[in-house]
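Welcome! Here are some exercises to work through with the sequence and the model side by side. Try each task before you read its solution.

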Amino acid sequence: MSEPADIAQTYLEQAARLLNLPYTPQAEDGVLRAFKVNQRLAQSLLDFELPDTLEPAPVFRP
Amino acid sequence: MNAAALVRDLRSGDICAVEYIEGLLARLPDLNAPLNAFSKITGERALREAAAVDAARQRGESLPALAGVPFAVKNLFDIEGVVTLAGSRILAKNPPATSDAHLITQLRQAGAILIGALHMGEFAYDFTGENVHYGPTHNPIDTSRIAGGSSSGSGAAVGGGLVPLALSSDTNGSIRVPSALCGIFGLKPTYGRLGRGGTFPFVMSLDHLGPMAASVADLVLAHNALQGPDPHDPACSGRVDYVSENATDISPLRGAILGGYFEQGDEAAQAAVAQLAQALKVNARAEIPHVALGRSAAYLMTSAEGGQLHLSRLKKNWHDFEPAVRDRLSAGALSPAAWLQSAQRFRRYFCEQALPLFERYDFLLAPTTPVAAPPIGTQTIKLNGVDLPLRPNLGLYTQPISFLGWPVVNVPVYLPGRLPLGVQIITAPWREDIGLGVAQYLEQAGVVRAATPAAL
């Protein structure tokens, strides 16, 4: 079974292809490093249960 | 000279606007050279606007609130005839803007005179002001140190006494951080207070615009002049709440020091808050619930929304970005939608949990940055004995507050023998008047001051 790091790397490569981003993995990979920070922060938010009825916050005034 | 004093002298005829601006323009290149604050000086235009002020006075017209006051803007504001750079090389190829940003027009209508555009971190994704394309902006108090970002040129220009007033943006702390590190005053208004039309965005859910100044009186003058509806900004409320230029009685106000999360910085940052608390007779302590998660959500939204905004440029101009900016934008553009949406939903919850604090307190005090201005090139800072990357952590204390959209006044505090530090005076949404009132009191009591040299 793959380590989580490999999952993130594989995901990034495939998602970058999907969006046509000229990203190629490198030894000192800043994109992967930044992605893992996002991943860690997102996990703490996903672990925090919110009511289904909670409205998200971006501004929209029709 | 601060703006309020300058306007008095212009009204009385002691100073002629054209002569004053000519003198400033003559000194500006030498003043700017050690700081690298200005990216463009709009001299011809400034002289034209100054002549109009003098002509109005000669006709016997009453001069508006900021008549003759020179100001400059972060280079993400559109200036007619000037290319809007937003700190990037990529946008340098764009044609010049065809009109002024909304807030420039607001200040122009109050009689202020635009002097030029100021350097900033690339696409505002920065807290240091170390721009790889245009060179670092230097701190006017010690030029070997960073000015802070992303409104680095604004901090250096006001702190160095080049202009009394600058307009800037603050997505996660970009007004407050350079204000703190350069020892000046800055106002990040309530989210939706000021119109953002004609400025290059970064994260629209979080972008605020506001003034930086060398005195509280000037922040108040600017705040009063900048408000009003902006048809080009759907988030702009159009609300106008004027703040008195006279000192207000702060004795009925209830304040508290923010604890917990906001106590990770070095001792000096805590001492700066303690000094203000003592002057304000504030003893209470308060905590914002879930504040670390609030910062995480702001961080994610910045990366994901900013990444999507720049997606086409990432495809076309991959090698023209500053690597540190490109890495975070790309990571955000490639992040799953569920991550961004978790942040957006958490924002609502966080606001609902935090807002009741203002039933008990009228203002909250917190450090602006965990440390004073580090030397240019610094990569890490030590917090609670742990080495952490400098760039994101300069915004440790500012990021959760802008995420809440609450207004903040940064006031500069000088502890003996130390570089200045900033303290955030945080108030409820739309209550800029309270924060500015407390800042006015502290300035008049001599507790806070800007160490701006008398270059003007």
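**Exercise 1. Which residue in β13(B) does I381(B) stand opposite?**

Before starting, note that this is a predicted model, in which local features need pLDDT of at least 70 and side-chain atom pairs count only at pLDDT 80 or more, while totals for chains, interfaces and linings use all residues. Residues are numbered from 1 along each chain as its sequence is written, chains are lettered from A and ligands numbered from 1 in the order in which they are written, and side-chain values use heavy atoms, with hydrogens and water left out.

Step 1. Find strand β12 of chain B at residues 380–383; its pairing with β13(B) is antiparallel and has 4 bridges. Helices (H or I, at least four residues) and strands (E, at least two) are DSSP runs, numbered from the N terminus, and two strands pair if DSSP finds at least two bridges between them.

Step 2. Look across from I381(B): the residue opposite is L388(B).

Step 3. Follow the chain round the turn. β12(B) and β13(B) make a hairpin with 2 residues between them, and N384(B) in that turn has a positive phi of about 50°.

**Exercise 2. Trace the open sheet of chain B and find its edges.**

Step 1. Walk through the 11 strands in the order β1-β3-β2-β6-β8-β7-β14-β15-β11-β9-β10; the pairing is mixed.

Step 2. Stop at the two edges. β1 (38–41) and β10 (285–286) of chain B each have a single partner strand, so one side of each has no neighbour in the sheet.

Step 3. Zoom in on one pair: β7 (residues 185–188) and β14 (residues 408–413) of chain B run antiparallel and are joined by 3 bridges. Here L187(B) has V409(B) as its bridge partner.

Step 4. Add the helices. Helix α3 (residues 43–58) of chain B lies across β1 and β3 (113–118), at about 160° to β3(B). Helix α4 (residues 102–109) of chain B lies across β2, β3, β6 and β8, at about 155° to β6(B). Axes are lines fitted to C-alpha atoms, for helices over the stretch in contact (heavy atoms within 4.5 Å), and angles run from 0 to 180 degrees between N-to-C directions.

**Exercise 3. How many residues does each chain bring to the contact between chain B and chain A?**

Step 1. Count by chain: 36 residues come from chain B and 32 residues from chain A.

Step 2. Turn to area. The two chains bury about 3100 Å² between them, 73% of it on carbon and sulfur atoms; buried area is the accessible area (1.4 Å probe) that two parts lose on being put together, summed over both.

Step 3. On the chain B side, L334(B), W339(B) and R345(B) lose the most area to chain A, together 25% of what that side buries.

**Exercise 4. Describe the largest pocket and the largest cavity.**

Step 1. Fix the terms. On a 1 Å grid over the protein atoms alone, a cavity is a set of points where a 1.4 Å probe fits but cannot get out, and a pocket is an open set with protein on both sides within 12 Å along at least five of seven lines; lining residues have an atom within 4 Å of a point. Grid points are joined across faces, edges and corners, and a volume is the space filled by probe spheres set on the points.

Step 2. The largest pocket holds about 930 Å³ of space. Among its 32 lining residues, Y299(B), P389(B), R391(B), P392(B) and N393(B) are closest to its centre. The largest share of the lining, 6 residues, comes from α2(A).

Step 3. The structure has 2 cavities of 30 Å³ or more. The largest has about 170 Å³ of space, and its 15 lining residues include Y125(B), D126(B), F127(B), N172(B) and R328(B), which lie nearest its centre.

**Exercise 5. Where in chain B is there a cis peptide bond?**

Step 1. The bond joins G149(B) and S150(B), with omega about 5°.

Step 2. S150(B) sits in the loop between β5 (135–136) and α5 (152–159) of chain B.
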